[in-house]
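Q: Could you walk me through this one? I have the sequence and the model to hand.

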Amino acid sequence: MGRPRRSYALWIAGHALRALLSLFITAVCAALCWRVFISNIPPAEMKRLAANQAITEAYRTHGDALELYTQKQPSVTKNDRNYGYFGVTRCVFIPEAEQIQLTFRYNNSTLKHVKEDYALAEIPPRGVDIFDVSIVRITDTTPSDTSDNVDGSENLKKERFAPTSRVIDTTGLYTYILYTFDGVTMTDDTITAYLDVYYNGDVDYGKDAYGTLRLYHAEDPKLPVELSGKERKALNG
(Lines give C-alpha, C1' and ligand atoms only; values in the text may rest on other atoms or scores of the structure.)
Protein backbone atom coordinates (compact mmCIF):
# COMPACT_ATOMS: atom_id res chain seq x y z
CA MET A 1 0.00 0.00 0.00
CA GLY A 2 1.12 3.56 -0.64
CA ARG A 3 2.09 6.03 2.08
CA PRO A 4 -0.96 7.96 3.40
CA ARG A 5 -1.05 11.49 2.04
CA ARG A 6 -0.98 13.07 5.51
CA SER A 7 2.01 10.99 6.62
CA TYR A 8 3.79 11.82 3.37
CA ALA A 9 3.16 15.55 3.88
CA LEU A 10 4.51 15.36 7.42
CA TRP A 11 7.55 13.49 6.14
CA ILE A 12 8.22 16.23 3.56
CA ALA A 13 7.70 18.96 6.17
CA GLY A 14 10.06 17.24 8.61
CA HIS A 15 12.81 16.97 6.00
CA ALA A 16 12.29 20.59 4.97
CA LEU A 17 12.56 21.77 8.59
CA ARG A 18 15.72 19.73 9.11
CA ALA A 19 17.20 21.21 5.93
CA LEU A 20 16.34 24.74 7.07
CA LEU A 21 17.83 24.07 10.51
CA SER A 22 21.02 22.75 8.92
CA LEU A 23 21.24 25.85 6.71
CA PHE A 24 20.70 28.09 9.74
CA ILE A 25 23.42 26.33 11.77
CA THR A 26 25.80 26.50 8.79
CA ALA A 27 25.11 30.23 8.37
CA VAL A 28 25.71 30.89 12.08
CA CYS A 29 28.98 28.93 12.01
CA ALA A 30 30.09 30.79 8.88
CA ALA A 31 29.28 34.14 10.50
CA LEU A 32 31.21 33.19 13.64
CA CYS A 33 34.20 32.03 11.59
CA TRP A 34 34.12 35.28 9.61
CA ARG A 35 34.03 37.34 12.77
CA VAL A 36 36.75 35.39 14.55
CA PHE A 37 39.15 34.87 11.65
CA ILE A 38 38.44 36.83 8.47
CA SER A 39 37.29 40.07 10.11
CA ASN A 40 40.47 40.17 12.22
CA ILE A 41 42.74 40.32 9.18
CA PRO A 42 43.98 43.90 8.67
CA PRO A 43 43.94 45.44 5.18
CA ALA A 44 47.19 44.77 3.30
CA GLU A 45 48.40 48.36 3.62
CA MET A 46 48.06 48.16 7.39
CA LYS A 47 50.51 45.23 7.50
CA ARG A 48 53.29 47.04 5.61
CA LEU A 49 55.65 49.84 6.55
CA ALA A 50 54.93 53.19 4.95
CA ALA A 51 57.86 54.47 2.88
CA ASN A 52 58.77 58.07 3.70
CA GLN A 53 62.04 59.97 3.42
CA ALA A 54 63.43 58.96 6.81
CA ILE A 55 63.07 55.20 6.42
CA THR A 56 63.92 55.25 2.70
CA GLU A 57 67.22 57.02 3.35
CA ALA A 58 67.98 54.69 6.26
CA TYR A 59 67.36 51.67 4.04
CA ARG A 60 69.57 53.06 1.29
CA THR A 61 72.34 53.45 3.86
CA HIS A 62 71.99 50.15 5.73
CA GLY A 63 70.19 47.92 3.23
CA ASP A 64 68.93 44.66 4.71
CA ALA A 65 71.11 45.30 7.76
CA LEU A 66 68.62 48.01 8.76
CA GLU A 67 67.48 47.22 12.30
CA LEU A 68 63.78 46.67 12.78
CA TYR A 69 62.32 45.18 15.91
CA THR A 70 59.17 44.86 17.95
CA GLN A 71 58.23 43.71 21.45
CA LYS A 72 55.45 41.60 22.88
CA GLN A 73 53.27 44.07 24.72
CA PRO A 74 49.55 44.19 25.60
CA SER A 75 47.68 44.55 22.32
CA VAL A 76 44.27 45.68 23.64
CA THR A 77 43.16 48.06 26.40
CA LYS A 78 41.86 46.06 29.37
CA ASN A 79 40.86 48.56 32.03
CA ASP A 80 37.23 48.42 33.14
CA ARG A 81 36.53 51.86 31.67
CA ASN A 82 37.90 51.05 28.20
CA TYR A 83 37.99 47.27 27.95
CA GLY A 84 38.57 46.31 24.33
CA TYR A 85 38.21 49.88 23.05
CA PHE A 86 41.62 50.18 21.38
CA GLY A 87 44.35 47.90 20.08
CA VAL A 88 47.74 47.91 18.37
CA THR A 89 48.12 45.13 15.84
CA ARG A 90 51.70 45.99 14.86
CA CYS A 91 54.46 48.21 16.21
CA VAL A 92 57.88 48.42 14.53
CA PHE A 93 60.87 50.35 15.88
CA ILE A 94 63.41 51.55 13.29
CA PRO A 95 66.35 53.07 15.23
CA GLU A 96 68.51 54.13 12.25
CA ALA A 97 65.55 56.07 10.84
CA GLU A 98 64.62 57.44 14.29
CA GLN A 99 61.13 56.24 13.52
CA ILE A 100 58.29 54.14 14.91
CA GLN A 101 55.43 52.83 12.80
CA LEU A 102 52.37 51.24 14.35
CA THR A 103 48.92 50.09 13.32
CA PHE A 104 46.17 51.31 15.64
CA ARG A 105 42.77 49.63 15.60
CA TYR A 106 39.33 50.01 17.13
CA ASN A 107 36.04 48.31 16.35
CA ASN A 108 32.60 49.68 15.55
CA SER A 109 31.40 49.21 19.12
CA THR A 110 34.13 51.62 20.30
CA LEU A 111 32.41 54.37 18.34
CA LYS A 112 29.17 53.56 20.16
CA HIS A 113 31.02 53.84 23.48
CA VAL A 114 32.44 57.23 22.42
CA LYS A 115 28.91 58.47 21.82
CA GLU A 116 27.85 57.28 25.28
CA ASP A 117 31.00 58.36 27.13
CA TYR A 118 30.92 61.89 25.73
CA ALA A 119 27.13 62.29 25.44
CA LEU A 120 27.31 62.94 21.70
CA ALA A 121 24.22 63.43 19.59
CA GLU A 122 25.20 60.64 17.22
CA ILE A 123 27.79 57.92 16.72
CA PRO A 124 31.02 59.26 15.15
CA PRO A 125 31.58 58.15 11.55
CA ARG A 126 33.85 55.28 10.60
CA GLY A 127 37.07 55.84 8.72
CA VAL A 128 37.67 59.26 10.28
CA ASP A 129 40.58 60.09 12.60
CA ILE A 130 38.57 61.09 15.68
CA PHE A 131 41.30 60.33 18.23
CA ASP A 132 44.41 62.20 19.31
CA VAL A 133 47.13 59.54 19.37
CA SER A 134 50.65 60.16 20.66
CA ILE A 135 53.68 58.24 21.91
CA VAL A 136 55.02 59.01 25.38
CA ARG A 137 58.65 58.09 26.13
CA ILE A 138 59.99 57.87 29.69
CA THR A 139 63.76 58.16 30.11
CA ASP A 140 65.98 58.00 33.17
CA THR A 141 68.11 61.13 33.56
CA THR A 142 70.25 59.35 36.19
CA PRO A 143 70.80 55.93 34.57
CA SER A 144 73.61 55.07 36.97
CA ASP A 145 71.07 55.06 39.83
CA THR A 146 67.89 53.12 39.11
CA SER A 147 66.65 53.23 42.71
CA ASP A 148 64.92 56.56 42.04
CA ASN A 149 62.87 55.28 39.10
CA VAL A 150 59.46 55.72 40.70
CA ASP A 151 56.34 57.44 39.43
CA GLY A 152 56.53 61.19 39.85
CA SER A 153 60.30 61.23 40.28
CA GLU A 154 62.06 64.32 38.90
CA ASN A 155 64.70 62.01 37.49
CA LEU A 156 62.24 60.56 34.99
CA LYS A 157 61.87 62.60 31.82
CA LYS A 158 58.58 62.41 29.97
CA GLU A 159 58.40 63.33 26.28
CA ARG A 160 55.39 63.22 23.98
CA PHE A 161 55.58 62.66 20.21
CA ALA A 162 52.80 63.32 17.70
CA PRO A 163 52.49 61.31 14.49
CA THR A 164 53.92 62.81 11.33
CA SER A 165 51.61 60.90 8.99
CA ARG A 166 48.67 58.52 9.02
CA VAL A 167 46.84 56.18 6.64
CA ILE A 168 43.25 55.16 7.42
CA ASP A 169 41.33 52.11 6.21
CA THR A 170 38.29 50.14 7.37
CA THR A 171 36.90 46.62 7.29
CA GLY A 172 33.45 45.39 8.21
CA LEU A 173 34.17 45.60 11.95
CA TYR A 174 37.26 47.75 12.39
CA THR A 175 38.88 51.07 11.65
CA TYR A 176 42.65 50.80 11.12
CA ILE A 177 45.14 53.67 11.19
CA LEU A 178 48.79 53.24 10.27
CA TYR A 179 50.73 55.94 12.14
CA THR A 180 54.29 57.02 11.44
CA PHE A 181 56.23 58.79 14.20
CA ASP A 182 59.44 60.49 13.08
CA GLY A 183 62.25 61.79 15.27
CA VAL A 184 61.75 59.25 18.04
CA THR A 185 63.71 56.19 19.09
CA MET A 186 64.26 54.18 22.24
CA THR A 187 67.58 55.43 23.64
CA ASP A 188 69.78 53.48 26.06
CA ASP A 189 68.28 55.32 29.02
CA THR A 190 64.67 54.81 27.90
CA ILE A 191 62.70 52.89 30.50
CA THR A 192 59.35 52.57 28.78
CA ALA A 193 57.14 54.02 26.07
CA TYR A 194 53.41 53.88 25.61
CA LEU A 195 50.61 55.03 23.34
CA ASP A 196 48.13 57.59 24.67
CA VAL A 197 44.69 57.88 23.08
CA TYR A 198 42.42 60.89 23.67
CA TYR A 199 39.12 61.72 22.05
CA ASN A 200 39.66 64.76 19.81
CA GLY A 201 36.88 66.61 21.57
CA ASP A 202 38.52 66.16 24.97
CA VAL A 203 42.31 66.44 24.65
CA ASP A 204 43.97 67.34 27.94
CA TYR A 205 47.39 65.80 28.49
CA GLY A 206 47.13 66.68 32.15
CA LYS A 207 44.32 64.15 32.54
CA ASP A 208 44.39 60.38 32.18
CA ALA A 209 44.15 59.27 28.58
CA TYR A 210 41.00 57.70 27.19
CA GLY A 211 43.15 54.65 26.53
CA THR A 212 46.80 53.69 27.05
CA LEU A 213 48.84 50.83 25.61
CA ARG A 214 52.46 50.05 26.42
CA LEU A 215 54.68 49.76 23.36
CA TYR A 216 58.16 49.29 24.83
CA HIS A 217 59.96 48.34 28.01
CA ALA A 218 63.72 48.28 28.50
CA GLU A 219 63.65 44.87 30.20
CA ASP A 220 61.71 43.14 27.42
CA PRO A 221 63.50 41.45 24.50
CA LYS A 222 63.71 43.08 21.10
CA LEU A 223 62.23 40.76 18.50
CA PRO A 224 63.63 41.19 14.96
CA VAL A 225 61.22 42.15 12.18
CA GLU A 226 61.89 41.06 8.60
CA LEU A 227 61.05 43.30 5.68
CA SER A 228 58.66 41.78 3.17
CA GLY A 229 59.37 41.80 -0.55
CA LYS A 230 56.81 44.55 -1.12
CA GLU A 231 58.34 46.64 1.66
CA ARG A 232 61.81 46.28 0.13
CA LYS A 233 60.44 47.28 -3.26
CA ALA A 234 58.76 50.36 -1.81
CA LEU A 235 61.90 51.42 0.07
CA ASN A 236 64.04 50.91 -3.03
CA GLY A 237 61.61 52.92 -5.10
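A: First a term: buried means under 20% relative accessible area, exposed over 50% and partly exposed in between, with a 1.4 Å probe and protein chains only. This is a predicted model, in which local features need pLDDT of at least 70 and side-chain atom pairs count only at pLDDT 80 or more, while totals for chains, interfaces and linings use all residues. Residues are numbered from 1 along each chain as its sequence is written, and side-chain values use heavy atoms, without hydrogens and water.

Q: OK, is strand 8 buried or exposed?

A: Of the 10 residues of strand 8, 9 are buried, so this strand is largely enclosed by the rest of the structure. Strands here are DSSP E runs of at least two residues and helices H or I runs of at least four, numbered from the N terminus.

Q: Which strands run antiparallel to it?

A: Strand 4 is joined to strand 8 by 9 bridges in an antiparallel arrangement, and strand 9 is joined to strand 8 by 6 bridges, also antiparallel; strands pair if DSSP finds at least two bridges between them.

Q: Any specific partners?

A: Ile 138 has Thr 192 of strand 8 as its bridge partner, whereas Ala 193 stands opposite Tyr 216 in strand 9.

Q: Switching topic, where is Leu 20?

A: Leu 20 lies in helix 1, which spans residues 5–36.

Q: And why does it count as exposed?

A: Leu 20 counts as exposed because its relative accessibility is 55%.
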